[in-house]
Structure formats: C-alpha cells, structure tokens
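Here is a short report on one protein model. Please look over the sequence and the fold before reading on.

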Amino acid sequence: MSTLNIPSNVHVVDYETTGLQPYLGARPFVAGREQGGKVEISRPGSREWEKFCKVIEDPKAEKCAHNAKFELKMSRHMGLKPAGKFHDTMALAVLINEYQPINLGDLSQRQFGASYKDMVQDWLKHNKRAFIKEYDREPNYSDVPPEILDLYLEYDLDNTLKLYALWHKHVQTYFSYLYELETELAWHVTEMEDRGILIDRVYRDWE
C-alpha cells in the first residue's frame with residue numbers, strides 16, 4: 001500500500017454474517033475495521049466490538065465499505081443507528097468504469113493482483129458434506145475457523161481501503177455530484193427495503 005496515499009481519517013468497515021438476508025435472521029458475527037493501515041477484528045461482547053459500534057454510530061466518523069448498503073442494513077438490524085458519511089468503493093468502481101466487474105474479488109485481482117476470495121469458499125465446499133451429515137445443514141461463514149476467516153476479512157478491509165485510495169480523489173474531482181447521489185441513495189434504498197414504500201394507486205371501478 002506504500003504507493004497509494006492511504007487516508008488516515010477514514011474507517012473501513014466490514015461485517016461477516018451468517019447469511020445475506022437479515023429478514024430471515026442473518027446477523028453479523030464478526031466485524032473488521034481498518035484505519036490508517038491498522039486492522040482491528042472484533043466479535044460481539046468484546047471491547048473492540050463496542051468501539052466498532054461507536055464508529056458506526058458516530059456522525060463525525062467517515063466510514064467506507066464495499067457495497068455500503070449491506071453494512072447499513074446489517075447495522076440497523078442489529079439495533080444500531082448508523083450515522084455520518086459512508087463511502088462506497090462499489091459506487092466508486094461504477095463511476096470509474098461502469099462496464100467492469102464490481103465485486104471486490106474481481107476488482108482486487110484486476111487492480112492489485114490480489115487473489116484470496118477462494119480461501120473461504122474452498123473451506124465451505126470441503127466441509128459441506130460433513131456438516132450436512134452431522135448438523136443437517138450446510139456450513140456458513142460463522143463455521144469457518146477464525147484463522148481463515150479473520151485473514152479473509154483483513155484482506156477485504158485492506159483491498160477496500162486501497163480501492164478507496166486509488167479512486168476517491170479522481171471521482172470527487174470529476175464525478176462529485178454523481179458520487180454524492182449514489183452514497184445518499186444507499187440510505188434511502190435501505191429504508192425502502194426495510195419499511196416498504198408508499199405509492200399513489202389510481203383506483204377505478206370498471207363495473
């Protein structure tokens with residue numbers, strides 16, 4: 001990361017969760033935070049977890065995530081009140097090149113030659129049959145050993161921070177208005193997905 005201008009005021013945040021649907025009970029079981037190149041992994045009940053939650057709710061703290069809407073949604077479903085600026089490297093990627101793949105694995109591979117996304121999937125695939133036999137279910141991320149998952153999470157944080165450092169200044173210079181719209185939209189979409197939306201429905205009795 002030495003060739004990039006890494007910001008020291010931005011907290012990169014990321015959850016690992018038991019699933020993707022909070023409406024079906026999926027929740028974070030570990031969180032990662034990186035600031036100025038320093039990574040902190042935390043789990044519920046720890047002092048580090050409390051610090052993480054305070055950052056999420058701090059209106060003065062700038063946060064960054066890849067697909068920030070997911071972090072906003074999971075935070076709200078845990079009972080937190082996310083506040084402040086949430087940067088989004090997925091939104092940055094779209095504004096840089098709307099035709100490129102925007103998932104973090106492909107972006108990391110293309111920009112930094114980082115290939116690590118298979119480490120968790122390989123474990124899940126290798127242990128799938130045993131979990132079904134013993135627990136009558138497929139394994140999820142919460143079953144992955146911490147020595148594998150924590151490293152995976154650290155890589156996610158690190159590459160998100162590097163993408164932010166690589167693109168944010170350029171986007172703010174040339175696409176600032178669009179970027180602000182994209183990051184603001186995440187809040188509204190999250191609320192609409194959680195609460196639904198009101199519509200004006202014209203009713204006409206055809207009888």
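The report goes from overall figures to the nonpolar cores and then to one buried leucine.

**Overall figures**

This is a predicted model. The protein has seven helices and five strands. Along the sequence, these elements run β-β-β-α-β-α-β-α-α-α-α-α. The table gathers the global values.

| Property | Value |
|---|---|
| Box filled by the C-alpha atoms, along the principal axes | roughly 65 × 50 × 35 Å |
| Residues that count as buried | 41% of 207 residues |
| Accessible surface | about 12600 Å² |
| Share of that surface from carbon and sulfur atoms | 50% |
| Distance between the mean positions of positive and negative charges | 2 Å |

The charge figure rests on 26 positive and 33 negative charges. Contacts also reach across the sequence. Among contacts with a separation of 6 or more, 63% join residues 24 or more positions apart.

**The nonpolar cores**

In soluble globular proteins, nonpolar side chains tend to be buried together. What does the largest nonpolar core look like here, and which members touch the most others? This core holds 29 residues. Val 120, Tyr 141 and Leu 149 touch the most other members. Two strands and four helices each supply at least two residues: strand 1 (10–17), strand 2 (28–35), helix 3 (89–96), helix 4 (104–112), helix 5 (118–135) and helix 6 (146–174). Helix 6 gives the most, with nine residues.

Which residues does Val 120 contact, once neighbours within four places in sequence are left aside? The partners are Tyr 141, Val 144, Ile 148, Leu 149 and Tyr 152. Tyr 141 and Leu 149 thus appear again, having been named with Val 120 among the residues that touch the most other core members.

A second core is separate from the largest one. It has 16 residues, including Phe 52, Cys 53, Ile 56 and Met 74.

**Leu 95**

Leu 95 sits in helix 3. Is this residue buried or exposed? Leu 95 counts as buried because its relative accessibility is 17%, and the cut-off for buried is under 20%.

Beyond residues up to four places away in sequence, Leu 95 touches Val 171, Phe 175, Leu 178 and Tyr 179. Tyr 179 is 84 residues from Leu 95 along the chain. Their C-alpha atoms are separated by 7.6 Å. Val 171, another partner of Leu 95, falls within the span of helix 6 (146–174).

Methods
Residues are numbered from 1 along each chain as its sequence is written. This is a predicted model: local features need pLDDT of at least 70, side-chain atom pairs count only at pLDDT 80 or more; totals for chains, interfaces and linings use all residues. Side-chain values use heavy atoms; hydrogens and water are left out. A nonpolar core is a set of buried Ala, Val, Leu, Ile, Met, Phe, Trp, Tyr and Cys residues joined through side-chain atoms within 4.5 Å. Buried means under 20% relative accessible area, exposed over 50%, partly exposed in between (1.4 Å probe, protein chains only). Contact means heavy atoms within 4.5 Å. Accessible areas come from the Shrake-Rupley method with a 1.4 Å probe; for residues, only the protein chains shown count as cover. Lys and Arg count as positive and Asp and Glu as negative; His and the chain ends are not counted. The place of a charge is taken as NZ of Lys, CZ of Arg, CG of Asp or CD of Glu.
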